[in-house]
Amino acid sequence: MAVVIPEGLKTVSAGECRECHEDIYREWAESMHARAWRDPYFQVDFQFDGSQQICLNCHTPLENQQENLVLGFQDREKFKPLLKPNPAYDPTLREEGVTCAVCHVRDGKIVGPFASAEAPHPVAVDPDMVSGIGPCARCHIATNRRWDVFYRVPPCGTVAEISESGQRPDCIGCHMPPVSRPIASGGVVRRGRRHLFQGGHVPEMVKSALEVGYKTEELGGARVKYIISLTNAGAAHYLPTGTPDRHLSLDLRLLDRGGNTIKHETFLMKRYIMWRPFIVDLRDTRLPKGKTRVFSFEFSRQGKNPPVRLEVTVTYHLLDEKRRKRIGYENSEPIAYPIYRETIPLN
């Protein structure tokens with residue numbers, strides 16, 4: 001994506017945008033968009049997979065962020081690029097990842113939802129900026145058309161998952177909550193959007209999409225079955241979505257009076273993929289929009305050491321532990337966190 005600096009600006013850096021758009025800048029600076037290049041997990045994973053040029057299309061999308069320019073490809077699948085050094089490469093801009101200009105600079109103008117005669121730069125109005133999907137689909141429907149790939153949906157196919165549910169994608173509606181404020185300092189108050197882009201790294205965001213319920217079924221004698229239901233009640237895409245490593249786990253733990261575990265079972269909601277010798281989607285147990293999955297847990301209320309409570313925990317995993325070890329990622333932040341916990345007394 002070639003960048004033409006709009007007249008009136010010195011750069012396309014978020015730092016210059018901050019001079020007038022302080023609130024928006026602060027929100028973006030705390031988002032994963034701002035960390036798209038610097039994120040420690042991405043850096044380890046990127047290098048483990050051979051630092052493929054294709055990853056940069058989304059993690060540093062601007063031409064000025066690219067250390068090399070792509071002249072062409074040695075293969076039809078476009079995994080072996082022909083490169084030459086980029087004279088316009090800006091290493092500082094690369095650190096900004098998915099920066100303001102990725103969405104808002106086009107053809108030498110600042111593109112947004114509102115017109116402005118007072119702005120110090122040219123402004124163009126684009127209805128797609130408020131259509132519900134805007135520029136999100138550029139990256140969040142990453143496809144893979146290599147000859148050895150047999151995906152039913154793309155590897156990072158959030159937009160495809162929404163379309164599969166029969167809905168029109170509305171990324172902005174969920175991930176950029178509405179706010180009334182001046183777009184620029186000293187400007188008129190308008191109804192705009194917060195630039196938070198919150199998703200899988202924000203526990204409350206994931207938690208808001210999940211609905212958990214349970215019921216019991218008497219099996220005769222002292223035996224009972226607990227039926228736990230998990231429903232994707234809030235996300236238009238699958239829960240979870242994004243990279244195939246992300247998954248949910250449901251832990252059911254039966255405890256005695258002393259807190260000792262009598263019985264423990266774990267169920268996974270994830271995407272199972274065979275990576276070699278061909279890339280094949282084997283099965284997918286995640287939660288599509290509005291769908292419910294049911295899990296059964298049987299036990300006896302009696303015995304020498306009778307149970308007194310059942311602990312139910314749903315955990316969101318950003319990264320599979322086996323892959324974390326395989327790529328050598330030493331995380332300083334959690335790669336999993338609970339989004340639902342409940343203790344059910346059995347008396």
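Me: What is the relative accessibility of Glu333?
Reply: In this predicted model, Glu333 forms a salt bridge with Arg35, and the closest N and O atoms are 3.7 Å apart. Glu333 counts as partly exposed, because buried means under 20% relative accessible area and exposed means over 50%, and the relative accessibility of Glu333 is 43%.

Me: How many residues apart in sequence are the parts that Glu333 and Arg35 tie together?
Reply: The two side chains meet in a salt bridge, with 3.7 Å between the closest N and O atoms. Glu333 lies in the loop between helix 10 and strand 17, whereas Arg35 lies in the loop between helix 2 and helix 3, so the parts that this pair ties together are separated in sequence by 298 residues.

Me: Which residue forms a salt bridge with Glu27, and where does that partner lie?
Reply: The structure holds 19 salt bridges, and one of them involves Glu27, at an N to O distance of 3.0 Å. Glu27 lies in helix 2 and its partner in the loop between strand 8 and helix 9, so the pair ties together parts that are 167 residues apart in sequence. Glu27 counts as buried at 8% relative accessibility, whereas the partner is partly exposed at 33%. That partner, in the loop between strand 8 and helix 9, is Arg194.

Me: Which residues are joined with Asp245 into one network of salt bridges?
Reply: Asp245 forms a salt bridge with Arg323, the closest N and O atoms being 3.4 Å apart. This pair links distant parts of the chain, with Asp245 in the loop between strand 10 and strand 11 and Arg323 in helix 10, and both residues are buried. Through salt bridges that share partners, the network joins Asp245 with Arg323, Asp45 and Asp49.

Me: Which helices are included in what covers the buried residues of helix 3?
Reply: Helix 3 spans residues 40-48, and its buried residues are Tyr41, Phe42, Gln43, Asp45 and Phe46. What covers these buried residues includes two helices, one at residues 53-59 and another at residues 321-327, namely helix 4 and helix 10.

Me: Which residue, although not a glycine, has a positive phi of about 50 degrees?
Reply: Just after helix 3, a positive phi of about 90 degrees is taken by Gly50, but the residue in question is not a glycine. The residue sits in the loop between helix 3 and helix 4 and is partly exposed, with a relative accessible area of 38%. With its positive phi of about 50 degrees, the residue is Ser51.

Me: Is Asn86 buried or exposed?
Reply: Asn86 is placed in the loop between strand 2 and helix 5. A polar atom of its side chain lies 2.9 Å from the backbone oxygen of Glu63, and the side chain also reaches the backbone nitrogen of Ala88 at 3.0 Å. Leaving aside neighbours within four places in sequence, the contacts of Asn86 include Asn64, Gln66 and Leu69. Its relative accessible area is 8%, which is under the 20% limit, so Asn86 is buried.

Me: Which strands stand at the edges of the open sheet with the order 3-4-5?
Reply: The sheet has 3 strands with mixed pairing, and within it strand 4 and strand 5 pair in the parallel sense over 3 bridges, with Gly112 opposite Val125 in strand 5. An edge strand here has a single partner strand, so one side of it is left without a neighbour in the sheet, and this applies to strand 3 and strand 5.

Me: Which residue in the turn between strand 11 and strand 12 has a positive phi of about 85 degrees?
Reply: Strand 11, residues 247-255, and strand 12, residues 261-269, run antiparallel and are joined by 8 bridges, and Leu255 stands opposite Thr261 in strand 12. The two strands form a hairpin with 5 residues between them, and the turn residue with that phi is Gly259.

Me: Which residue is joined to Leu239 by a cis peptide bond?
Reply: The residue is placed in the loop between strand 10 and strand 11. The omega of the cis peptide bond is about -5 degrees, and the residue that it joins to Leu239 is Pro240.

Note on methods:
Residues numbered from 1 in each chain as written. Predicted model: local features only at pLDDT ≥ 70, side-chain atom pairs only at ≥ 80, totals over all residues. Heavy atoms only, no water. Helix = DSSP H or I, 4+ residues; strand = E, 2+ residues; numbered from the N terminus. Buried < 20%, exposed > 50% of the residue type's maximum accessible area, 1.4 Å probe, protein only. Polar contact = N/O pair within 3.5 Å; in protein donor to acceptor, adjacent residues only side chain to side chain. Contact = heavy atoms within 4.5 Å. Pairing = 2+ DSSP bridges. Salt bridge = Lys/Arg side-chain N within 4 Å of Asp/Glu carboxyl O.
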